[in-house]
Amino acid sequence: MSRTVTLTGRLSRLGFDDVPRAERLLADPALVDVLGPIDPDSAHLHLLGEASDPDLAVLTLARLCEAVRSDPDLRGQLRGIIAQDSAARRLAAVAGGSTALGDDLVRRPAELLPDVADPTPATGVDAHVVRAELLTAVGADSEADVPVASLTGPAGVDALRRAYRSRLLRIAATDLTASEPLTLLPGVGAALADLAAAALEAALAWARAATPDGGRCARFTVIGMGKTGGRELNYVSDVDVIYVVEPADGATEAEALTVGAKLAAGLAHACGGSSGEPSLWPVDAALRPEGKQGPIVRTLASHVSYYERWAKTWEFQALLKARPVAGDLDLGEAYRAAVQPMVWAAVGRDNFVEDSQAMRRRVEDNVPAVEADRQIKLGKGGLRDVEFTVQLLQLVHGRGDESLRSGNTLTALAALAASGYVARSDAGQLAVCYRFLRVLEHRIQLRHLRRTHLMPTDPGELRALSRAAGMRSEGTDGMMARWRATRRDVRTLHEELFYRPLLPAVAQLSQDEAALAPEAARARLQAIGYRDPAGAMRHIEALTEGLSRRAAIQRQLLPVMLGWFADGADPDRGLLAFRRLSDDLGSAHWYLKLLRDSTSAASRLAKVLSNSQFMADSLSRSPESVHWLADNAELHPLGRERLDREVDAILGRADEEPIAASALRAVRRRELTRIAAAELLSVSDQVTTQIAISDVTDVTLVGGLRIAEYSITHEMSRDHGEPPADMLVVAMGRLGGREMSYGSDADVMYVYEPRAGTTERVAHDYAVAVATRLRTVLSAPGDQPPLEVDPALRPEGRNGPLVRSFESYMEYYARWSEAWERQALLRARPVAGSGVLGRRFMDLIDPLRYPAGGLDPAVVRDVRRIKARVEAERLPRGVSPARHLKLGPGGIADVEWTVQLLQLQHGGAVPSLRTTQTLQAMKAAVAASLISAEDAEILEAAWLEASRIRNGVALWSGRLTGANSNVLPHDRRDLAGVAQAIGFPGTGSELEEHYLRVVRRARAVVTHVFYGLGPESARIEV
């Protein structure tokens, strides 16, 4: 059985909100009389249902039928429109999309029905055609040099406004029936701007008619500003203008100014004053010089004089969109030719970028709180975010790139993307967001032809808006979700692009410097500290030559980065490293985009490359690490747990020892790069750096031991791959204390214990093989930097066996251990291997390093004797003791031996001293009153400063080992480089003086606390 379709059901499915009211309107006698009865299957219903507001559409249609009912010709026209699908669709779209235009149709059907019936698109129409149309409406000759209206007074104003609304209706009909409103948007904005320009021309012709001789004594031009100037106007907006006047031949300037003021007043009245027809829009001349306080019209010379002497930053930004739209176009072009050079030179004004950014913040701050979440235009993520972003980028880069000099937002954005100033993806996303916001703005304004930029709150209006915006299937919820997402996207891109650190830096350059003009660039390079300007120019030319996007972005980056390199200790080295890195990464899409768009990556890269050979070398090995520089979170150490998981995954995938070893060492190399970058950029402090280096070394040893055990076990053909002994690697020295520097060896001891059923010989041979293989895995030559594994702190030192069993350690420590060995054990901690064996080993050595009764005085004397001998014998020849960071007076060893002596003496009684870390032990000693807080502060400062400078030497020079790796440099350039590398707030000479002063004070404390010579003799050395 077929289902009966009722009118009620049909209307409900088509989206009518008030179905009973719609049924009454469809049964209205006038509508039925003109169009005939409407049944559920009528095509008319479907067309009405396509409107953004079907209820409004049927109401307007009923009123229109009433208006034409008594006129047979108009009845026939309306029937003809309804009978033709495309015309009927236009009628329904206008009737259901705009109450104001619907009212116009009802009020003036004879004039406007032909506009609805005309299928010609109203976008893309020649502006001259529209101009002629509106001039004709006021009886002016569109071909005349100075058109003067023949239709004057209120009749002329009303004729102008009717012609304007007629053309506006055509534009709205084209817009509202577009299948892709976002695609059509630029055409709509241009059509509205052309219509506004034509209205201004017609209004000016009307105003001329009220002046003697048609105002011909004055050459008068109207400069369109804002969206009118940019040909991207809204449906309802103030039309921003500036007036320029010049005397015609035979007239005086005073006469011209008087007539010009009358023309301006008449023009404004014709467009926005009271009359029989609704006003078009206010004509706003507030952007003129001196704003509302200044004269309404000025001569060209007066304009130029003002802009040269008094104009503020925002005025030049406003002039970016200026174009002549009505009146004497030759004068208008002369105006534009005079002010445009000032617009594009304005970026050189003091604080230009900062002023522009501050202006945007003021606009945001002035948005009423109750409107903030409804603002499409002024709020965060609104249209102004896009416009300010585009305009600032234009003004900064347009000084040297004429392709950017467009007053139209979308055109300028496309040009910015084409020339590489904005990523194509960012520009594309910003353009789509901008179009979407503008479509919403247009549809909201069309509803009542009222100037507003607020999202409606009424559910019915929101539903109509979603349909009008082409989001019928998504509905209100989908539209609101997209609007919120659009605001987030716009705000994110605005903050990334608008606040780029490159912008103020580029603005501070001269035009020649920004353009990298060879002579200017060479002179600048020499002036800011490049030692080889000619070599630097060769690097610049290699990076910027050609027409590729890569070269274009480099031309943006380099003028600023050259200065950032020069802020470092060795700009030549920094630029060379940058060129090499760019050669390696230039084809990677993310690299130059990151440097251009990030708030910090480019400046940070310049800093690390010009201040650190270590980073230059490291980034050349892993250039992808550059992306860390954009985000502090990426520079923080990964942490032991995460590193353990990564190493476990690597070893689980690797099938061969060389592959596993290389991957393991690559993790260490990568993390040292991360740690070094964080230290150079002051993201981490000295202690964090030491712990991070120690953690990655721990993980490397854990992984190395796994590789070695696996390989040796299988080489010994053990059944089921079971090793014959449990192995333990004990961290010693700075590794044990988690106080490693970049060049520190991994000091270790090896312990093993035979497994059940294994002979001592087999277990020993296995342990020796594993220890030997571990060293090979981690330090053998290869494609990744080595980690030297040093077992010199084992019992008997280098003369003792490489590995010992746990039983052997028990016997040795019970009978033979010396003072230096007990002291070395203060830093011992298990780092890799058997956890059970590690705990047993700690239990074994704790009584030795923390003796219950303290130290025998003879042992104390022995420790002091050994320390004195180290000072005398281990300092390298030719090195001034005061400059040796580790072994010199007041240096690292002095502080550590002092703390370790306190640990040996009191660790048995003071549990808090039982730590492998120097600073923790020192704090415990202060808490236990074993050393004064003042002395501890002096020692800590010296230890940290010496450690920091030692790292600085490694970072600056790139040499992690060697005779000079522990020496404060003599060379002034090296001293300056170290100072820059560690972020010292002064020169290299000032760093030298500071360090020597700090260690002199520390040596005095060491003499007193460690050697026990008394405070008086200790202070003599200060």
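How many disulfides does the count come to? The answer is zero. This is a predicted model, and a disulfide is counted where a pair of cysteine sulfur atoms lies within 2.5 Å. Two cysteines are worth a look here, and the table lists them.

| Residue | Setting | Relative accessible area |
|---|---|---|
| Cys 65 | buried | 0% |
| Cys 271 | buried | 0% |

Let us turn to the nonpolar cores. The largest of them has 218 residues, and those with the most contacts inside it include Tyr 307, Met 455, Phe 578, Tyr 591, Leu 595, Leu 605 and Val 626. Helix H45, residues 933–957, gives this core its largest share, eleven residues. Another core lies apart from it, with 99 residues, among them Leu 14, Ala 140, Leu 233 and Val 259.

Tyr 591 makes a good stop on the tour. Leaving aside neighbours within four places in sequence, Tyr 591 is in contact with Phe 578, Leu 581, Ser 582, Leu 585, Gly 586, Leu 605 and Val 626.

Now for a single helix, H26, which spans residues 518–527 and has Ala 521, Arg 524 and Leu 525 buried. Viewed down the axis of H26, the buried residues fall within an arc of 100 degrees, so they line one face of the helix. They pack against helix H25 (511–514), helix H27 (533–544) and helix H28 (549–567). On the face of H26 turned away from the buried side, you will find the exposed residues Glu 519, Gln 526 and Ala 527. After H26 comes Gly 529, with a positive phi near 115 degrees.

Technical notes:
Residues numbered from 1 in each chain as written. Predicted model: local features only at pLDDT ≥ 70, side-chain atom pairs only at ≥ 80, totals over all residues. Heavy atoms only, no water. Buried < 20%, exposed > 50% of the residue type's maximum accessible area, 1.4 Å probe, protein only. Helix = DSSP H or I, 4+ residues; strand = E, 2+ residues; numbered from the N terminus. Arc of directions from axis to C-beta. Contact = heavy atoms within 4.5 Å. Core = buried A, V, L, I, M, F, W, Y, C linked by side-chain atoms within 4.5 Å.
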